[in-house]
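Student: I have a protein model open in my viewer and would like to learn how to read it. Could you walk me through some of its features?

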Amino acid sequence: MGGSLGMAIRKKRLAHEVVGWSRKPATLRQAKASGAVTWGTTDLRKAVADADLVVLATPVDVMLPLGPRIARSMKPGSILTDVGSTKEAIVHALERARRRGVAFVGAHPLAGSERRGIRAVQKNLYDGSLCIVTTTRRTNRAALARVRRFWAAIADRVIMMDPARHDQLLAEVSHVPHVMAFCLMAATEPKALAIAPRSFLDGTRVAKSDPALWEAIFLTNRGQITAAMRRFERTWQQLRKHLAWSDRPALRRLLRAAKAKRDALD
């Protein structure tokens, strides 16, 4: 996410410099070679000291301790934002831990794939994407406007949302589908996997995602995910009942309603 964002910023000439920070020099060399950054450093303070905008592009559980450290090294008037897949815990923590004169605005571009790391950078990753920018009563309005303009130049569409609402909706359309893909892979016997059709591979593609990354997402949004799982379980049990009772009309109604919802997305 971070490397691809750097490439998009440079392609669209949105900044004079794009500075990368990583604990690994090899990652910085790869980022420079791919055109993701102007230059990079393993010195966190040096990376952010002169920045007008700093974007956290780490796993969500790393953002919570790292964000306050970064904010303490940023100059007054600068903005800290992120690309995290969960928002309420991050926004709650970083709005309160920021340095005086440094604003935090949460953001989540709905882009990416099951791949991660600097080797997975894509120069067009954010093309056609939606970015959700979060707002609370504590959000600095000038910083919010700047972050919206920033993402409007990169993504296809930008909308604003309360962090809790973001987490509720993403639990349904992103987090629970990942839960389902992981569970389906874990539950399927090896002999069945040997003859798995394309539909199975498509439906479980996201189970190839980094478990450590998704473990952090699941735990930082566990309340909304478990609530979404309960809603899904009610429909699952309903369908199971239709099958157990051979209730063809009820089964057909459920399938048709689901198909109509999916068709409407196209």
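**Reading the model, feature by feature**

Tutor: Happily! Let's begin on the surface, where Met-180, Phe-232 and Trp-236 make a nonpolar patch of about 310 Å². Keep in mind that this is a predicted model.

Student: Where does Phe-232 lie, and is Phe-232 buried or exposed?

Tutor: Phe-232 belongs to helix α11, residues 222-244. The label for exposure depends on relative accessible area: buried means under 20%, exposed means over 50%, and partly exposed is in between. Phe-232 has 32%, so this residue is partly exposed.

Student: Which residues gather in a patch of positive charge on the surface?

Tutor: There you will find Arg-96, Arg-98, Arg-100 and Arg-138. Of these, Arg-138 sits in the loop that runs between β7 (130-134) and α6 (141-152). Its relative accessibility is 43%, so Arg-138 is partly exposed.

Student: And how should I read the charges of the protein as a whole?

Tutor: Look at where each kind of charge is centred. The protein has 47 positive and 22 negative charges, and their mean positions are 2 Å apart.

Student: Now something from strand β7. Why does Thr-134 count as buried?

Tutor: Thr-134, which is found in strand β7, has a relative accessibility of 2%, and buried means under 20%, so Thr-134 counts as buried. To see what surrounds this residue, leave out residues up to four places away in sequence: Thr-134 then touches Lys-87, Val-91, Val-105, Gly-106, Thr-139, Leu-144, Met-161 and Pro-163.

Student: What does Gln-168 touch, with the residues up to four places away in sequence again left out?

Tutor: Gln-168 touches Gln-224 and Arg-231. Gln-168 is placed in helix α7, residues 163-187, and is partly exposed because its relative accessible area is 25%. For a sense of distance, pick Asp-50 as well: Gln-168 and Asp-50 are 118 residues apart along the chain, and their C-alpha atoms are separated by 36 Å.

Student: How many helices and strands does the protein have, and what does its C-alpha trace span?

Tutor: There are twelve helices and eight strands, and the C-alpha trace spans about 65 × 40 × 30 Å along its principal axes. Among contacts with a separation of 6 or more, 67% are between residues 24 or more positions apart.

Student: What share of the residues is buried, and how much surface is accessible?

Tutor: Of the 266 residues, 38% are buried. The accessible surface comes to about 15,800 Å², and carbon and sulfur atoms account for 53% of that area.

Conventions: Residues numbered from 1 in each chain as written. Predicted model: local features only at pLDDT ≥ 70, side-chain atom pairs only at ≥ 80, totals over all residues. Heavy atoms only, no water. Patch = residues over 30% accessible without salt bridge, like charges linked within 9 Å, V, L, I, M, F, W, Y side chains within 5 Å. Areas by Shrake-Rupley, 256 points an atom, 1.4 Å probe, with all protein chains shown as cover. Salt bridge = Lys/Arg side-chain N within 4 Å of Asp/Glu carboxyl O. Lys, Arg positive; Asp, Glu negative; His and termini not counted. Charge placed at Lys NZ, Arg CZ, Asp CG, Glu CD. Helix = DSSP H or I, 4+ residues; strand = E, 2+ residues; numbered from the N terminus. Buried < 20%, exposed > 50% of the residue type's maximum accessible area, 1.4 Å probe, protein only. Contact = heavy atoms within 4.5 Å.
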